[in-house]
Amino acid sequence: MLKVERLHHSYGKAEILKNIDLGVERGEVFVTIGPTGSGKTTLLRLLGLLERPTSGHIYFDGHLVNNSERQRLEIRRRMAMVSQKPAVFNASVFENVAYGLKIRKENGASMRNKVMNALETVGLSGYERRDARTLSGGETQRVALARAMVIEPELLLLDEPTANLDPVSTSHIEKLVTEVIKKSDMTVLMSTHDMYQGQRLAHRMGVLIGGEMMQTGDPREVFSLPQSRKIAEFVGVENMLGGVIASNEEGIVDIKIDGAVVEAISNLGVGEQVYACVRPEEITLARTKESTSARNSFSGEITRIVLFGPLARIELDCGFLLVALITKRSAEEMNLQTGNRVYASFKATGVHVIKG
Amino acid sequence: MHAIADAFVLAVKMIFTGDPDVYGITARTLEISLSSTVIGALLFVPLGCLIYFNNFRGKRLLISIIQTCYSLPTVFVGLLVFLVFSRAGPLGIFGIMFTPQVMVIGQVVLIGPIVIGLTISALSGVSPAIRETAISLGASRFQSVWTVLKEARFAVLTAVMVGFGRAISEVGLALMVGGNIRGYTRVLTTAISLETGKGEVALSLALGFILVALALIVTVLANRFLKVKEADVAQSRAPTS
């Protein structure tokens, strides 16, 4: 559906995108995640043909996008884009949603039908006569989504559609996107700085950091097996313990970290500088030292407990900082308090080793 | 003091009894000024768009020059038009000197900078995101420009009205190229200046009132449009289909 080859883009001397290669299949939801300023918006603007890349090629549906204004318009009419802070036209909600159809010269009755359907889908039935500029942020975003969907684009580009919204509106928009994706064979390319959102919505995701596509793959892979420290940091691997491989016996390595030793699986050789990444949810806590199959067990003092939703995030001082994520219920049952001494264990297979 | 009061009464009488002189001149004035405003709007709003939406060398300089021309003296424009259209001038063969036509041409030239300049400011008041949104929803170049123009509609209308205000109230150009010929090129401003010179204060006053009234109507309308812009909310139109 969409293919990108060696895409470069600079504004003046600032290189925003570097050598991006990307392929998105028809019907796929591809989510680009990356911190603010990593080039996500620029990438979408290039793919939405709002700007021309400094160099590189974009193929849409097998056709190379060239510089002819006519071809660009033709292709642009097969896609739609929703920006992070959508602008609405100074007109009614109806007129806003109808815009794309009007410029495609859709006839009145079918246009009305489509607009009404789109408004119903986004939950804004009855809003058609409202001035679009008086809507709240969430409503505006829904109008923008309806306005893009009503065109029935083959490719829908969403640039951080929930970046400026409250949690309720965010989950509403996410639900809508999921529904739309299910109902149609629309290809969706979305960007977000919210890695969990990426995980919830993506079939495949790409991590864009500093203008480079660092890793692409299915979300689980990106989250559990980040290929570099930067990615690991971004995808929220909270426990990244820097150390040196002290021994490697048939793939089982001992990593020396601040006096402690972590056992893990890796094919890296002795002496390599590495990071042992442990996801907080991989760590189990116990009051007493129990015998378990988990190869790694450290005693530490609880320095902080933060509750959020059904979960409790527990920070431990084991000589190095370790963060564990357990359910609130189990924290209550164990009666965990700051200052308590507990044992934190995780399996050797729960450690993901990346080169430092 | 007495004479002025008398003249005032007479003036009011002339207005309300439908004095043919007063109304003839008013009609001619409106005819000429409205023509020049409509022609000016049709020429200069698109020209303003062209300048705003294209990037070229010297664009800033051009805009500065246009803004400087807001206060172009009417007699100077009159002089230029005179030189061009007088018998010996380059366009003298048309023989339209001292006709309403040449007055319209002169007024179009006069209001040009204002309409172009204010159209440009009107367009720059619209967020660039509007045009991008239009383009991302599949608008062609022309459609996207039209969309931005529609967003700026009230400010553009104001630009046109300011142009009308300048056209109807100027006297130097009308006098120089129109010649103030009775029943032909005589307009409110030229009539006032002539009648006052002749001592016909009542007629001058009556004409002056009408001129002020017209200016007032234009201002009120312009303001209403601006207010509509703010209060567009309540009256957002019913879906058209």
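User: Two strands count as paired if DSSP finds at least two bridges between them. In what sense do strand 9 and strand 10 of chain A pair, and over how many bridges?

Analyst: This is a predicted model. The cut-off is at least two bridges. Strand 9 (residues 204–209) and strand 10 of chain A pass it, with A:Met205 opposite A:Gly217 in strand 10. Their pairing is antiparallel, and the count of bridges is five.

User: Which strands are the edge strands of the open sheet in chain A?

Analyst: The sheet has six strands with mixed pairing, in the order 6-7-8-3-9-10. An edge strand here pairs on one side only. That fits strand 6 (79–82) and strand 10 (212–217) of chain A.

User: By how much are neighbouring strands of this sheet turned against each other on average?

Analyst: Take the open sheet of six strands in chain A. Direction is ignored for this angle, and the average is 15°.

User: Which helix of chain A packs on the sheet, touching strand 6 and strand 7?

Analyst: Strand 7 spans 155–159. The helix spans residues 137–149, and its direction makes about 175° with that of strand 6 of chain A. It is helix 5.

User: Where does the largest nonpolar core lie relative to domain 1 and domain 2 of chain A?

Analyst: This core has 104 residues. Those with the most contacts inside it include A:Val97, A:Ala146, A:Ala148 and A:Leu189. Domain 1 (2–224) and domain 2 (237–355) of chain A both contribute residues, so the core lies between them.

User: Which residues does A:Ala148 touch, not counting those up to four places away in sequence?

Analyst: A:Ala148 is among the residues with the most contacts inside the largest core. Leaving out residues up to four places away in sequence, its partners are A:Ala80, A:Met81, A:Val82, A:Pro153 and A:Leu156.

User: How many residues are in the second, separate core?

Analyst: Chain B residues appear in it, including B:Met103, B:Met176, B:Ala206 and B:Leu207. The number of residues in this core is 57.

User: Which element gives the largest share of the side of chain A that touches chain B?

Analyst: The contact takes 29 residues from chain A and 21 from chain B. On the chain A side, helix 2 (69–76), strand 6, helix 3 (93–103) and helix 4 (108–121) each give two or more residues. The largest share is five residues, from helix 3 of chain A.

User: How do the residues of that side of chain A divide by type?

Analyst: This side of chain A counts 29 residues. They divide into 13 nonpolar, six polar and 10 charged.

Note on methods: Residues numbered from 1 in each chain as written. Chains lettered and ligands numbered in written order. Predicted model: local features only at pLDDT ≥ 70, side-chain atom pairs only at ≥ 80, totals over all residues. Helix = DSSP H or I, 4+ residues; strand = E, 2+ residues; numbered from the N terminus. Axes fitted to C-alpha atoms, helices over the stretch in contact; angles between N-to-C directions. Contact = placed C-beta atoms within 7 Å. Core = buried A, V, L, I, M, F, W, Y, C linked by C-beta atoms within 7 Å. Buried ≥ 20, exposed ≤ 12 C-beta atoms within 10 Å, placed from the backbone. Domains from an automatic or database assignment. Nonpolar A, V, L, I, M, F, W, Y, C, P; charged D, E, K, R; others polar.
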